[in-house]
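Here are some short exercises on a predicted model. Try each task with the structure in view, then read the solution.

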Amino acid sequence: MNIRFDNRVALVCGCTQGIGLSIATMLAEAGCTVIGFARNHDSLQEVISRLPAENGQQHQSLIADFSDLHAVQSAMESLGDTPIDIIINNSGGPPPGTIEQSSVSAFHEAFNRLLMASHVIAQYCLPGMKERSYGRIINIISTSVRPPLDGLGVSNTVRSATASWSKTLSNEVAQYGITVNSVLPGATKTGRLNALIERKSKEQQKSTDDIANAMADEVPMKRLGEPHEI
């Protein structure tokens, strides 16, 4: 299937590595102009410079820490009248840990980074999407939405809230030709998964290979996912 996104503009959050990088690359290959949104200036500039641009696309970058909502809002305002057709809401998850031992501040930061930043971005882009009767909002969440995963108390809570936000928004904007969907990746080879494997390795006093193999065994295909598959 040859899907093209010529003359479309996509805002891709968290695009410097893992799933976000794969999405940005594949959209660019399909002719889309990509606006990469991340907090690390050097990493983001390197990614933007390497994105395919066979259609002469002028890829751009936005810099902000998603836990700082004022910075996110300012970054979006810097786009001016640039039309955003596609939003990829994607951000690394909060640190692992039990929900009982999680601090209130950990919940606040995770809600800002994973949910409220997505809300700020959507609110900025939706008026233009409505005018053009076209919009695609894709939220990269997690299988922890159903059912929750052990040891990811804050992440489970916030990602479930994000899924509810996503479905509610989809009902509100469908009449304008805008769709809102959530993608729930399972165990995928990313830096985030590597960190979780390292943590479980220390806790269970097993090798990282043993932990990774055990995770793969829980997947019907008996292997971990690759970022480009998401």
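**Exercise 1. The lining of the largest cavity**

Task: How do the residues of the lining of the largest cavity divide into nonpolar, polar and charged?

Solution.
- Step 1. Sort the lining by class: seven residues are nonpolar, six are polar and two are charged.
- Step 2. Place the lining in the structure. It is made of 15 residues, and those nearest the cavity's centre are Asn-89, Asn-90, Ser-91, Leu-114 and Ser-118.
- Step 3. Find the elements behind it. Helix 4, strand 5 and helix 5 each give two or more residues to this lining. Helix 4 has the largest share, with five residues.
- Step 4. Add the volume. The largest cavity holds about 110 Å³ of space. The structure has one cavity of 30 Å³ or more.

**Exercise 2. The largest pocket**

Task: Which helix gives the most to the lining of the largest pocket?

Solution.
- Step 1. List the helices that supply at least two residues each: helix 1 (18-29), helix 5 (153-173), helix 6 (191-204) and helix 7 (208-217).
- Step 2. Pick the top contributor. Helix 6 gives the most, with nine residues.
- Step 3. Look at the centre. The lining has 50 residues, and Gly-93, Thr-190, Arg-192, Leu-193 and Leu-196 lie nearest the middle of the pocket.
- Step 4. Finish with class and volume. The lining has 19 nonpolar, 19 polar and 12 charged residues. The space inside is about 1,500 Å³.

**Exercise 3. The second largest pocket**

Task: What is the volume of the second largest pocket, and which residues are closest to its centre?

Solution.
- Step 1. Read off the volume: about 350 Å³.
- Step 2. Go to the centre. There are 17 lining residues, and the closest to the centre are Phe-5, Ile-23, Leu-27, Ile-88 and Ile-230.
- Step 3. Trace the elements. Helix 1, strand 4 (86-89) and strand 5 (135-140) give two or more residues to this lining. Helix 1 provides the largest share, four residues.
- Step 4. Sort by class. This lining has 13 nonpolar, two polar and two charged residues.

**Exercise 4. The nonpolar cores**

Task: Which residues touch the most other members of the largest nonpolar core?

Solution.
- Step 1. Name the hubs. The core has 28 residues, and Phe-37, Ile-121 and Ile-137 touch the most other members.
- Step 2. Find the suppliers. Strand 1 (9-13), strand 2, helix 3 (69-77), helix 4 (104-132), helix 5 and strand 6 (178-183) each bring at least two residues to this core. Helix 4 has the largest share, eight residues.
- Step 3. Follow one hub. Beyond its neighbours within four places in sequence, Ile-121 contacts Leu-11, Cys-13, Phe-37, Val-72, Met-76, Ile-87 and Asn-89.
- Step 4. Turn to the second core. This separate core has 18 residues, including Ile-23, Cys-32, Leu-44 and Ile-86.

**Exercise 5. Cysteines and disulfides**

Task: Why does Cys-13 form no bond with the closest cysteine sulfur?

Solution.
- Step 1. Recall the bond. A disulfide joins the sulfur atoms of two cysteines covalently.
- Step 2. Set the cut-off: the two sulfur atoms must be within 2.5 Å.
- Step 3. Test Cys-13. Its closest cysteine sulfur, in Cys-15, is 8.3 Å away, so the gap is too far for a bond.
- Step 4. Test Cys-32. Its closest cysteine sulfur is also in Cys-15, at 12 Å, so this gap is too far as well.
- Step 5. State the count: zero disulfides.
- Step 6. Check burial. Cys-13 is buried, at 1% relative accessibility. Cys-32 is buried too, at 0%.

**Exercise 6. Two strand residues**

Task: Is Thr-33 buried or exposed, and what does Val-180 touch?

Solution.
- Step 1. Locate Thr-33: it is in strand 2 (residues 33-38).
- Step 2. Apply the cut-off. Buried means under 20% relative accessible area. Thr-33 has 17% relative accessibility, so it counts as buried.
- Step 3. Look across the chain. Val-9 is 24 residues away in sequence, yet its C-alpha atom is 4.7 Å from that of Thr-33. Contacts of Thr-33 beyond four places in sequence are Arg-8, Val-9, Ala-10, Gln-57, Gln-58 and His-59.
- Step 4. Move to Val-180, in strand 6. Val-180 is buried, at 8% relative accessible area.
- Step 5. List what Val-180 touches, leaving out residues up to four places away: Ile-137, Asn-139, Ser-166, Leu-169, Ser-170 and Val-173. Between Val-180 and Leu-169, the C-alpha distance is 7.0 Å.

Conventions. Residues numbered from 1 in each chain as written. Predicted model: local features only at pLDDT ≥ 70, side-chain atom pairs only at ≥ 80, totals over all residues. Heavy atoms only, no water. Buried < 20%, exposed > 50% of the residue type's maximum accessible area, 1.4 Å probe, protein only. Contact = heavy atoms within 4.5 Å. 1 Å grid on protein atoms, 1.4 Å probe; cavity = no way out; pocket = protein on both sides within 12 Å on 5 of 7 lines; lining within 4 Å. Points joined across faces, edges and corners; volume = space filled by probe spheres on them. Nonpolar A, V, L, I, M, F, W, Y, C, P; charged D, E, K, R; others polar. Core = buried A, V, L, I, M, F, W, Y, C linked by side-chain atoms within 4.5 Å.
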